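My notebook is open, and I want to look up a few things in this model. I'll start with a helix, then move on to strands, empty space and some odd backbone angles.

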Amino acid sequence: MQKHLIISRFNEDPGWLSRVNGCDKIWIYDKSEEPLPGSIPLPNTGRDVGVILTHIVRHYQELPEWLLFAQCNPFDHTINFLDVANAATYNDALAHNRSCYTNNKLAADGFLGLGNQFDIYRGLIYLDERSANDDAWRTFHEDKHDRLFDLWSRLWPDHPAPTVWPSAYGCQILVSRERIREWPLELYRELLRAVSESTTIVYALENLWWRLWGPPPAPAPRCIDGRMAHFYQDIPGFFDFADVYREQVWRAHDGAHFVEIGCWMGRSAAFLAVEIVNSHKRIKLDLVDTFSGRLDKQDGVAPHVMSLMRRDFDANLAPIIDKVRVRQMPSVLAAATYPDASVDFAFIDAAHDYESVKADISAWLPKIKVGGTLAGHDFNQDRGEVSRVVQEAFEDRFIVSGQTWLVQL
């Protein structure tokens, strides 16, 4: 594994570099007032993004097999950085990173984002406590998000912009030469020129690497031989109950009525909707959510926040939005609008605190038909509050599949 380590330095102590033995060459781009002997001086602009782009532009034709970009104090964001730097293979580097950062999903063929993963999502800007009290802070993040959309439209003009931008703290990345060269040199020159436009564009670029070098954008969902291709994989969120949804669609009769309570960004809803389309059954699907982030923390959420979150949700579900009914309201209030014994399958994945789960089950249980199914998620998580409510409500009349609980009436 031929690998070069490219360092962005501003006054940090580079002494730890003596312990790097898994890289064929170390480059230090130095933005300090007194650059180190042998380093490559750069003006103190562009943050780490400027270093990454500068190196690629200068060495595009002679890149090594792998490039590892890092800060001069990489341990703040990747505590086991030396293990990754000294790894003999990509799989070894991936294993080291995941051993400390299990939440990091920024791994694809030829790319690895190091350290913790964080997501940029416009709706969450307004849920941030600092944004509510600091106009300058909020405006900065709004501008950054908008610039991400502008950059996306330049790169993939024919593909809808994502609503969430996964990133790695510290802009520390392992990337292959092949992934970098999937894009022409002129693109990197253009991005490097963009770095001089404003500070905000630099922060925006820090959130672009996964979209640039990670998995390519999936093609728009299409029907092949009468079947719609799944696209839920491109929607952010956690979803591990595909088998439950697939079985419910298989069991459902023509004219059945399904309800999903708690949709977040629409990942699971997209899967269920496509399964229904491909079943060729006339199954009605309702999606219930407040679009205020957490259903158990909706007090004080401004209307424009819910509007933005709903906008992003609708964008994610655009290919099937005409095949579902979205009901923007709290779970218990939504349940009151359904006649008793009118729903064939309801799935509860809203708030997970004890009182909310208890209220949801009490509200939706009477709405399920005889022979229908009431189910929900996170049975073994959230301090066991979900499991406690389910056990109290149904005693031994339920089954568990992974994190999903199910009751057939």
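**Entry 1: helix α12.** I checked how covered α12 is in this predicted model, and 11 of its 13 residues turn out to be buried. I wrote down the buried ones: Arg267, Ser268, Ala269, Ala270, Phe271, Leu272, Ala273, Val274, Glu275, Ile276 and Asn278. What does the covering of those residues include? I found β11 (227-228), α11 (242-251), β12 (257-261) and β13 (284-289) among the elements that cover them. Then I looked up the length: α12 runs over residues 267-279 and reaches 19 Å from its first C-alpha to its last, close to the expected 18 Å.

**Entry 2: either side of α12.** Next I went through the loops for positive phi values. Trp264 sits in the loop between β12 and α12, and its phi is near 50°, which is positive even though the residue isn't glycine. Is Trp264 buried or exposed? I got something in between: Trp264 is partly exposed, with a relative accessible area of 36%. On the other side, α12 is followed by His280, in the loop between α12 and β13. I noted a phi near 60° for His280, again positive in a residue other than glycine. His280 counts as exposed, because its relative accessible area of 62% is over the 50% cut-off.

**Entry 3: three strands.** I followed the pairing from β1 (residues 3-9). β1 runs parallel to β2 (residues 25-30), and 6 bridges join them. One pair I jotted down is His4, whose bridge partner in β2 is Lys25. β2 also pairs with β3 (residues 40-41), again parallel, through 2 bridges. Here I noted Tyr29, whose bridge partner in β3 is Ile40.

**Entry 4: empty space inside.** How many cavities of 30 Å³ or more does the structure hold? I counted 3, and the largest has a volume of about 70 Å³. I looked up what lines that largest cavity, and the residues include Leu106, Phe111, Pro166, Cys171, Glu206, Trp209 and Trp210. By class, the lining has 8 nonpolar, 3 polar and 1 charged residues. β6 (111-113), β8 (164-168) and α10 (209-213) each give at least two residues to this lining. Which of them gives the largest share? I found that β8 does, with 3 residues.

Technical notes:
Residues are numbered from 1 along each chain as its sequence is written. This is a predicted model: local features need pLDDT of at least 70, side-chain atom pairs count only at pLDDT 80 or more; totals for chains, interfaces and linings use all residues. Side-chain values use heavy atoms; hydrogens and water are left out. Helices (H or I, at least four residues) and strands (E, at least two) are DSSP runs, numbered from the N terminus. The expected span of a helix is 1.5 Å times one less than its number of residues. Buried means under 20% relative accessible area, exposed over 50%, partly exposed in between (1.4 Å probe, protein chains only). Contact means heavy atoms within 4.5 Å. Two strands pair if DSSP finds at least two bridges between them. On a 1 Å grid over the protein atoms alone, a cavity is a set of points where a 1.4 Å probe fits but cannot get out, and a pocket is an open set with protein on both sides within 12 Å along at least five of seven lines; lining residues have an atom within 4 Å of a point. Grid points are joined across faces, edges and corners, and a volume is the space filled by probe spheres set on the points. Ala, Val, Leu, Ile, Met, Phe, Trp, Tyr, Cys and Pro count as nonpolar, Asp, Glu, Lys and Arg as charged, and the others, Gly among them, as polar.
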